[in-house]
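Biologist: I am new to this structure and would be glad of a careful reading of it. Please begin with the whole and then take a close look at a single part.

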Amino acid sequence: MQTIARFDADLIQRYGLNGPRYTSYPTAVSFHEGFDEVAYRQYAVKTNEDFIPKPLSLYVHLPFCHSLCYYCGCNKKITRHSRHGEDYLYWLDREIALQGPLFDRDREVMQLHFGGGTPTFFDDDQLERLMGWLGRDFRLSESEEREFSIEIDPRTVDPARLERLAGLGLNRLSLGVQDLDPEVQAAVNRIQGAEETLALIDASRRAGFGSVSIDLIYGLPKQTLESFSRTLDTIIEAAPDRLSVYNYAHLPDLFRSQRLIREEDLPEPAVRLELLQCTIERLGAAGYVYIGMDHFALPDNELVAARDTGQLQRNFQGYSTFADCDLVGLGVSAIGKVGDTYSQNRKDIRSWRRSLQDGALPVWRGVQLTWEDRLRRRVIEQIMCHGALDFESIGEAFDIEFSEHFAPELEALDLLHRDGLIVLDDDGFQVTPGGMLLVRAIAMVFDEALQAARATPKFSKVI
């Protein structure tokens, strides 16, 4: 995979359309309610019969927040009443107890991620209980290679609390920052001091966390090139191990909270491109390696190593390191990947809880992959994670003649080659530095479900 991404305004203008993020293939728009709890149980148990059963990854969705961030498109519940969180944990314990027995005890959990919402909405005692329940029904790894991470709101955590979180076995942090400019923070209703936020990076390292990631967003209201440049300079000086710099997708028809953002305060498209260009150039100059899409990492980070060894993967949290895990989703709206299936839990707390009250797993919808899905998923993974595709290796793995099976796609690739997004020959293609920012558009060439759709689903812009 290329380690350098080059900002090319002309290519971005031409190919920066809307498209999937490819955290799965098929994407979530292909999930259907015909894939239910019965199907999920069947396929989950079947994975234990693999010649070498895969280790496990757990994603736990904790949807509560104390206050509303106007830009947020996550599935969350805003409340200041702790009893709501306590009730949620009660039913989450029930779900863990139903999920755990489906997987043999010798299948070690190598990855664990608490996502939100705001996981640190819950206090230390509650999180300790949650870790205890997970350890009761799953075999949590104690290896130094494990990646047990938590998303934190810096406004809810101090250095003393970081020590407690590390004591629970967590060793990775993701800090939501978005922007350090006070005017931008006021416009999105997320006020947090820069000094207190960045102090947590040093405190986390003293507490023993092996990797710290920071989330930023460009394209927020009131952002200017000058203000976001200051944010980048401050973050670079703090030297987090990873950075995720997301493009703000303004979709007020889908996310009610975004209606509170004044559209006249949003940066013009030309300014958004300047913000992206500034981000790429500043992070590259500071030594960060471009992993893909919106992810950057220091050269010695596990993401870089995973990319170089072919272990890099994409899942519903973005780029990750363990390529060969079955992912179990826990909590409202959580998505899992078990065997050749994807599944998603019910999206609202009431129906999620009702399933558990009936003693059933709260599976809402999903999909079982066909042979064609698995083939195309492999191709799209290679493009998204490695910026290259070897036709012969794909052909051998799936016993096909690549040029025959993908004849229409090769015609489309020829146009991408002539436009400079890829370098194409008879053996495969390599994404160019100018095409690196547009890998989603390149992967869309192989998205059979998208090409067949009568109406284009709503996706964010690829840039």
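About how much accessible surface does the protein chain have, and what share of that surface belongs to carbon and sulfur atoms? After that, please dwell on helix 5: which of its residues are buried, and what do these buried residues pack against?

Modeller: Before anything else, please keep in mind that this is a predicted model, and that every value below is computed from it. The accessible surface of the protein chain comes to about 20000 Å², and carbon and sulfur atoms account for 48% of it. Beneath that surface, 57% of the 463 residues count as buried. The chain is built from 17 helices and 20 strands. Its radius of gyration is 22 Å, close to the 23 Å that the globule rule gives for 463 residues, so the chain is as compact as a globular protein of that length. Measured out along the principal axes, the C-alpha trace spans about 60 × 55 × 40 Å. If we take the contacts between residues at least 6 apart in sequence, 74% of them join residues at least 24 apart. As for charge, the chain has 50 positive and 72 negative charges, whose mean positions are 7 Å apart.

Now to the part you asked about. Helix 5 runs over residues 159-167, and its buried residues are Arg 161, Leu 162, Leu 165 and Ala 166. These four lie on the same side of the helix, because they cover an arc of only 145° around the axis. The spacing makes sense once one recalls that an α-helix has 3.6 residues a turn, so that residues three or four places apart point the same way. The face turned away from this buried side carries the exposed residues Ala 160 and Gly 167. Being exposed here requires over 50% relative accessible area, whereas being buried requires under 20%. The buried residues, for their part, pack against two helices and two strands, namely helix 4 (124-137) and helix 7 (194-207), together with strand 6 (147-152) and strand 7 (172-178). Just after helix 5 comes Gly 169, which takes a positive phi of about 105°.

Two of these neighbours lead on to further details of the backbone. Helix 4 is preceded by a loop that starts from strand 4 (108-115) and holds Gly 117, and the peptide bond from Gly 116 to Gly 117 is cis, with omega near 10°. Helix 7 is likewise reached through a loop, which comes from helix 6 (182-188) and contains Asn 189. This residue is not a glycine, yet its phi is positive, near 60°. With a relative accessible area of 31%, Asn 189 counts as partly exposed. A similar case is found at Ala 239, in the loop between helix 8 (225-238) and strand 9 (242-247). Ala 239, too, has a positive phi without being a glycine, at about 55°, and a relative accessible area of 28% makes it partly exposed.

The surroundings of helix 2 (37-46) are worth following as well. In the loop that joins helix 1 (9-15) to helix 2 we find Pro 26, and the peptide bond leading to it from Tyr 25 is cis, with omega near -5°. Within helix 2 itself sits Val 45, which is partly exposed at a relative accessible area of 38%. Val 45 and Pro 101 are 56 residues apart in sequence, and 9.0 Å separates their C-alpha atoms. In the loop between helix 2 and strand 1 (56-61) lies Pro 55, which is partly exposed, its relative accessibility being 26%. The C-alpha atom of Pro 55 is 5.1 Å from that of Arg 107, a residue 52 places away along the chain. Leaving aside residues up to four places away in sequence, Pro 55 touches Glu 108, Met 110, Asp 324, Cys 325 and Asp 326.

One last pair sets another distance beside these. Arg 350 belongs to helix 11, which covers residues 349-357, and it is exposed, with a relative accessible area of 59%. Between the C-alpha atoms of Arg 350 and Phe 209 there are 35 Å, and the two residues are 141 apart along the chain.

How values were computed
Residues are numbered from 1 along each chain as its sequence is written. This is a predicted model: local features need pLDDT of at least 70, side-chain atom pairs count only at pLDDT 80 or more; totals for chains, interfaces and linings use all residues. Side-chain values use heavy atoms; hydrogens and water are left out. Buried means under 20% relative accessible area, exposed over 50%, partly exposed in between (1.4 Å probe, protein chains only). The arc is that of the directions from the helix axis to the C-beta atoms. Contact means heavy atoms within 4.5 Å. The radius of gyration is taken over C-alpha atoms; the globule rule is 2.2 Å times the number of residues to the power 0.38. Accessible areas come from the Shrake-Rupley method with a 1.4 Å probe; for residues, only the protein chains shown count as cover. Lys and Arg count as positive and Asp and Glu as negative; His and the chain ends are not counted. The place of a charge is taken as NZ of Lys, CZ of Arg, CG of Asp or CD of Glu.
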